[in-house]
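Take a walk through this structure, one stop at a time. Start with a sheet, then turn to a single residue.

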Amino acid sequence: MKRIVVWMITFILIFSGLKVSEAEMFVDSQNPVTECEEQTESDGEDELAADCEEQSDSEGEDEPTTENEAQESNKEEDVATEGEGQPEAETEEVPATEGEGHPELETEEKPAAECEERMTSTGEEEPAADCEEQPEPETEEKPVAECMAPTEADSEEVLAPDCEEENEQELEIDCEKYPALDSEGNVVIESDEHLEIDSEEEPTTDGEELTVVDEEEEPATSGEESAELDDQENLAPKCKRDVSNRSIGIPLDQVGKIGDIDFLELGLDTPGELDGFTQMTTNKGLKFSTREDNERTNYLYFGNVRNSRSVSSLEKEGSYVSDVPGEPKDDWSRPLPTMDTTLSSLGDKEHIQAQNFGIVTALAQNPNDKNGVVTYFYKEGIATAFNYPGNGLVIAQGYSIDGKAEFQSGDMPLLKLYKNEKTNELVAYAAVLTQNSMFKLLDGYVKIKMSPVKGIKGRINVNMKYLKLSSKYSYTNIGYSVHMDIAGRHDKSKMFSLGNHEGIYFYEKGMKDNLDYVLSFFRNGYENSPAEFKGKGYDPIGKPFDPNFYYAKLNSPGTREDPGEGNEYPAFMYHPGWALRWMPKKQGAGEIREENLQIAVTNQPDVAPEIHLDNDGEYTDNGYRVTGTWKDKDSNSVSLYYKVDGGELTKIGDYENTKLNTDVSWAYTIPIDKVEKGLDHDITVYIIDEDGQQSDIEINIRPALTIIEQVFNEDGTEIKDIPPGETLRYEILVDAGYISDDTGTYGEVITITQKYDTHLEEPTNLKVIDENGQEIDKATATYTASPNEIIVKLPTDLPRSTKVKVTYNAKVNEEAAEGESVIGQVTVSVKYSTGDAVNQTSNEVKVVIIGVLKFNSAPQVIGFGEKLTISSRDQTYPLIKVDTPLTVKDNRPLSRNPSWTMTAELERPLTKEGTDSTLDGLYYHYGRNVSHLTKDASVQIYKKDTTNREVVNISDTWKSDGDGLYLEVKAGTAKAGIYEGTIKWVLQDVQPNE
């Protein structure tokens, strides 16, 4: 099909001299660990005892002494252990061994079992049958103990190697400061030197501590590695360090300063997440509200806090140093690490353990009285008290989803702590360390964020993100366990069910302020909630994945029986402990898993009613309509209320609760005069039951940000397709939706980013204007080639009621291919002065690139001369004036071998102005052909096969002695006056094969 484009030209001849002129043309156009008790020094002498967590089934006369017996001692001793306190020996001490997993000694002595010494009634020392002090073997072999279990004492140093349960593979060590790792990440010890113990000498003396190695075979001999003992601190074998393999963790001295750890880059944060937060330098709790209106104060908190504290002590700086003789330090007001602190140096100091997060309650009593603080970790709020490892968050790792925990995390020193007092949120970042006492490695990081649950006062959500850096084990799981001790009530704490496996709660009546205390842990009804709960009665001192306490495998089942809502768990009525676990997941090095736990503190077990929204509501002609549901478990009636912008409490209505614990629909339209459109409004809807329990939910009305992008032709008409070389005009409208009564501004961040299409040349005429067309002062619009985009920034004090328009022109590249598209889309990122942030993308505009044959330009005036003399002879007048060249542009695909022709015809002959007199002598010379232009026939003036995208200039070929127009006037035909005529140019394509 041919495409034909027509240009018309009107021209004038003036005789007296004859003048010919032209008018305008027109176009158509790891390993399991058994926790052992730590070793301390007491009264300047060493006391060595072993006490493993796994109880012996031996039928000996002496039963293992538990943590319970130690704490019930009536003696005013500061020393307390899981067993009874040990008297000082009158002879030099020798290491005691644990009752199981010992190598056979070449003596007739029996290794000690539970390592508990007892006093006879006469005060003389009587070794327990299952835990005797062993004399040194009369051989050159070393006595070997699986673990050393100390007593609690006022010693300054606590040194104890962890008690590890060996696999079949042999444990070896090769390190000076850190272990060398084999291809599987195992610790290797090479035998450069060994610990020699002369049979005539005691293995230890005052001030010395013995290295403990646990093996299943012979005790260490001359061919095995040993180390010299340091009389002050831990032993350190002298050997070279190899840390090339990090499969089980990263050496701490390779981590550097805490301030250099970028948790955003590590993926634990998202951009802007900490906006509004303040970094804390001292560890204190953050207040949050519960559903009751009483004088108690509740805090979100990390670490230890003593129950014996007074309420007033919480306001004192440095109060973590106990002012009560014999009481340990806690972490309230303890300074947090500075950003210059290195992780390796932190590991050698007292630090806050982030895995022990929870709620601290200050009672409504005389603020100076002792025992004014309620927590729930044993022992009396000191969750990290040695000998009792069953508290807090634990990371477990294993080889398979149904395998045992080859690894359980040790310390989680708190590195950074942030608070937001407006939203009542606390965010902690901590390192996850291995628990081996000889050396510590960095296994990964955790971020723990404690936030109030929206709509349920008194309930908090603990969001836990774990970044794994080690690679030895493919599967991970998370556990959280508590050895219960509510305000020192310990073994008398009572565990109840929330019913239907929804969780557990503890109900303690009559605290010191005469109010009750209810602590709840929820295990379903929210995202990433725990998968299993398992309870334990009597001495719950193990970690979640210790097989003798809670979960033997990463996916072991929990407690199956639920006694029903409000009923006590019969199996855990005395000395309860419990552990939650989540689902095991495959997690590689560098990957993050995220879990949640919800906790609530109240002073009565009644469950608050619930209220929910179907959506954020919408404006109608009458006001703002909100809909939702409510539910109450135990009340006969509820009432709904609302507030707008903190104003007067207005009742929505009273509702009978005819079906307990069943969703009931509600709807209400807030009058328009209270929620004027185009302004910010904060609506709170309350539900209050007949017991005074209440919940609320917030609705934040914010005018909608509107972004509209449009594209036009240069003349302002809408356009859907365009040939190369043509220019597009873009308009981007940004309307924040606010009316002039609003006082807010666009704020600190307002960026309009236009994704600029590669088919376009650089933009021109960039402008940022308001709705009145006035350029906005201090607004900037900048084009950058890399990345290919236009960035517009507005002044921070610009009222957000201002409608902003961005305009610019963009020419389509000459080389743009037919069929491709020019696409535009804009993104607006804004953080208003009110703190609200919006990130939104506009509609997409698309213009298709087409190939066209077109006039690129055409002359408006052509002339054959002025003041021509009328002659008695025939005269020829060449073309002497062309104001604009006659050019053609062919943008069609060259692969189609395009060609075209141009013809001309006389649309209106040369006619004398005001008469019917005409001249018939206009000719066109093209090559060897001379054609007479008439009204009845068109003549070909040019033909071209397109081989490139260059503009073809036809008028360049017009010469007085060559191609082009000329005028012949016969003698006697011209009259004095002006002659005017019109030429029509016709451009048409030639189809292939024609």
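Two strands count as paired if DSSP finds at least two bridges between them. Keep in mind that this is a predicted model.

With that rule in hand, look for an open sheet of four strands. Their order is E41-E43-E48-E45, and the pairing is antiparallel. Which strands lie at the edges? They are strand E41, residues 706-713, and strand E45, residues 764-769. Each of these two pairs on one side only. From one strand to the next, the twist averages 15°. In general, strands of a sheet pair through backbone hydrogen bonds, in parallel or antiparallel fashion.

Now follow one edge. Strand E45 pairs with strand E48, which spans residues 804-811. The two run in the antiparallel sense, and four bridges join them. To find your place, locate Ile-769. Opposite Ile-769 stands Lys-805, in E48.

Next, move to Asn-283. This residue sits in strand E13, residues 282-283. Is Asn-283 buried or exposed? Its relative accessibility is 1%, and buried means under 20%. Asn-283 therefore counts as buried.

What does the side chain of Asn-283 meet there? One of its polar atoms lies 3.0 Å from the backbone oxygen of Phe-302. The backbone oxygen of Asp-331 is also in reach, at 3.1 Å from a polar atom of the Asn-283 side chain.

The surroundings of Asn-283 hold further residues. Leaving aside neighbours within four places in sequence, Asn-283 is in contact with Tyr-301, Phe-302, Asp-331, Trp-332, Ser-333, Arg-334, Leu-336, Ile-352 and Leu-417. Phe-302 and Asp-331, whose backbone oxygens came up above, are among these contacts.

Definitions and conventions: Residues are numbered from 1 along each chain as its sequence is written. This is a predicted model: local features need pLDDT of at least 70, side-chain atom pairs count only at pLDDT 80 or more; totals for chains, interfaces and linings use all residues. Side-chain values use heavy atoms; hydrogens and water are left out. Buried means under 20% relative accessible area, exposed over 50%, partly exposed in between (1.4 Å probe, protein chains only). A polar contact is a pair of N or O atoms within 3.5 Å; within protein, one must be able to donate a hydrogen and the other to accept it, and residues adjacent in sequence count only if both atoms are side-chain atoms. Contact means heavy atoms within 4.5 Å. Axes are lines fitted to C-alpha atoms, for helices over the stretch in contact, and angles run from 0 to 180 degrees between N-to-C directions.
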